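Here's a quick tour for anyone about to poke at this one computationally. Have a look at the sequence and the fold first.

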Amino acid sequence: MPRRLREEAGAWLEGARRRAETLRPEPVVERFGRVTRTGDGVVRIEGLERPRLDEIVEIEGGIEALVVRASLGEVGCVLLDRGAEVRAGARVRATGRVVQVPVGEALLGRVVDALGRPLDGLGPIAAERTEPVERPAPAIVDRAFVSEPLTTGLLVVDAMLPVGRGQRELILGDRKTGKTAIAVDAILAQKRSDVVCVYAAIGQKSSTVARVIEAVRASGPFERTIFVVGPAESPPGQQWLVPYAACTMAEYFRDRGRHALVVYDDLTKHADVHRELSLLLRLPPGREAFPGDVFYLHARLLERAAKLAPGLGGGSLTALPIAETQAGNISAYIPTNLISITDGQIWLEPRLFHAGQKPAVDVGLSVSRVGGKAQPRVLRQLAAHLRVDYAQFQELELFTRFGGVTDPRMARTLAHGRRIRFLLRQPQSTPFSVTEEAVLLLALDEGRFDRIAETRLDEARTAVLERVAPEAETLAPDWLAGAEAPEQRAALLAAIDAALAALAAEAA
Ligand SMILES: Nc1ncnc2c1ncn2[C@@H]1O[C@H](COP(=O)(O)OP(=O)(O)OP(=O)(O)O)[C@@H](O)[C@H]1O
Ligand SMILES: [Mg+2]
């Protein structure tokens with residue numbers, strides 16, 4: 001044997017002997033229990049000592065379940081996989097692990113389930129690490145004020161209900177009022193930003209989720225988006241985990257000084273799944289059970305949205321939770337809970353939706369509490385009176401519905417109001433840039449649309465967007481950045497006038 005090898009072997013033996021001497025063998029306590037009842041995706045277990053909430057237990061045959069309820073003597077678990085055959089009497093072993101999901105860059109552009117397993121057939125995900133799905137929210141001292149905008153590309157939101165990075169803004173409305181469309185448009189708008197998007201689909205039809213994924217693939221920041229999907233046909237345990245898993249994946253970016261946007265679509269369905277699990281586990285309703293605990297459940301989730309202090313990298317996590325109302329009942333239990341947890345709500349009104357006013361945002365009942373500070377200055381200045389003007393117009397319109405308006409000043413106000421309403425309409429999947437929004441608002445504010453017949457407003461908007469907006473950065477860079485710059489503003493206005501005059505000449 002060569003000398004070097006002999007020496008190495010000797011050194012290794014020496015080390016091994018030392019390790020053996022200092023080794024203090026300790027008993028390993030394995031905790032076991034037995035399944036007493038099972039069915040509908042839940043399992044109840046008896047005899048498991050010191051169970052931990054969120055702990056994974058392994059049932060005979062390698063089936064994993066999640067501890068969601070531990071009371072005296074009995075433990076309630078939800079199964080994490082469909083089709084797992086569990087029989088009463090099966091042995092259960094506690095693993096001491098909590099549910100973790102993979103996090104990191106590798107997830108970007110992927111579609112995964114609540115446990116981070118790929119659903120897109122693109123092969124395994126080489127994640128750099130895993131993190132628990134339940135993580136504490138940042139403490140107050142670790143946070144900063146919301147100060148940067150998260151532009152959604154929707155004029156009605158960016159002008160009147162601005163959202164800031166780190167904010168929680170609820171999207172609320174009846175069935176089929178365009179809730180998902182608003183959130184998806186906000187994701188599409190991030191094509192122009194550096195924000196990482198996470199779309200969490202809870203209890204939805206697979207076809208609906210597929211449409212969202214396709215929309216983002218077609219015109220959004222697909223390679224910067226993660227889709228976490230627990231469709232209606234997946235086990236309730238998985239649907240229940242989706243928002244937490246999505247949040248953990250987004251936090252990875254928040255905690256590294258980057259910016260993330262999470263859409264929870266939707267938390268009403270999440271509350272339903274939670275209720276279903278509570279009933280299956282036969283928990284008596286009460287403060288610590290459904291419905292009392294839903295508030296705590298959702299508050300804990302949404303608290304994880306934050307703008308972090310500069311010392312912690314200054315990253316942010318913005319949350320757009322969605323909730324569905326029944327027949328416009330904004331004061332039902334789940335909507336009220338969520339309204340009280342979030343920093344504002346975008347309320348969608350079926351009446352507006354059916355009248356063709358889409359996005360059907362009811363400006364009067366919607367509010368954004370912290371985003372105003374983060375709104376780009378140019379938009380803040382232009383939109384300052386918009387809300388009041390619009391509200392006044394709506395009231396005026398109501399009063400003058402049955403009689404002709406003879407006062408010319410009143411007629412002008414009404415005409416202007418109708419132009420505001422027109423500009424707040426926006427086709428789906430066409431987010432505007434801040435520059436485009438500023439140019440449109442400038443034309444509106446200066447009454448440039450008031451002279452145009454209502455039937456031709458669409459063309460006028462297109463003309464301004466196509467002929468003026470591309471030049472705006474050169475014509476008025478400082479004004480767009482929020483400076484006074486009156487001569488730049490005038491130059492932009494002249495360009496708008498020229499574009500509209502050209503349009504009129506073409507039509508004549
Ligand atoms: N701005 C818009 N312009 C035109 N069509 C729109 C707009 N927003 C939404 N829609 C259409 O309205 C329909 C309902 O939209 P969406 O699915 O977003 O509503 P929802 O409230 O999320 O519905 P659900 O209650 O099923 O979740 C869709 O067909 C969508 O394409
Ligand atoms: Mg929807």
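What follows covers the ligand site, one strand and the nonpolar core.

## The ligand site

Keep in mind that this is a predicted model. Ligand 1 is surrounded by 14 residues, and the closest are Gly178, Lys179, Thr180, Ala181 and Lys358. Sorted by character, the shell around ligand 1 has three nonpolar, six polar and five charged residues.

Where do the shell residues come from? Helix α3 (residues 179–189) gives the largest share, with three residues. Domain 2 (101–375) and domain 3 (394–507) both contribute to the shell, so ligand 1 lies between them.

## Strand β10

Strand β10 (residues 170–173) is covered on both faces: Leu170 and Leu172 are buried on one side, Ile171 and Gly173 on the other. That fits the general pattern, since side chains in a regular strand alternate between the two faces of the sheet.

As for partners, β10 runs parallel to strand β16 (residues 344–348), joined by four bridges; Gly173 has Leu348 as its bridge partner there. Strand β10 is also parallel to strand β15 (residues 316–324), this time with three bridges, and Leu172 sits opposite Ala323 in β15.

## The nonpolar core

The largest nonpolar core holds 136 residues, of which Cys77, Val198, Ala200, Val228, Met249 and Val262 touch the most other members. Helix α5 (residues 236–254) supplies the largest share of this core, eleven residues.

Take Val228 as an example: leaving out residues up to four places away in sequence, Val228 touches Val112, Ala114, Val198, Ala200, Val242, Ala245, Ala246 and Met249.

Methods:
Residues are numbered from 1 along each chain as its sequence is written. Chains are lettered from A and ligands numbered from 1 in the order in which they are written. This is a predicted model: local features need pLDDT of at least 70, side-chain atom pairs count only at pLDDT 80 or more; totals for chains, interfaces and linings use all residues. A residue is near a molecule or strand if its C-beta atom, placed from the backbone, lies within 6 Å of it. Helices (H or I, at least four residues) and strands (E, at least two) are DSSP runs, numbered from the N terminus. Ala, Val, Leu, Ile, Met, Phe, Trp, Tyr, Cys and Pro count as nonpolar, Asp, Glu, Lys and Arg as charged, and the others, Gly among them, as polar. Domain bounds come from an automatic or database domain assignment. A residue is buried if 20 or more other C-beta atoms lie within 10 Å of its own, exposed if 12 or fewer, and partly exposed in between; C-beta atoms are placed from the backbone. Two strands pair if DSSP finds at least two bridges between them. A nonpolar core is a set of buried Ala, Val, Leu, Ile, Met, Phe, Trp, Tyr and Cys residues joined through C-beta atoms within 7 Å. Two residues are in contact if their C-beta atoms, placed from the backbone, lie within 7 Å.
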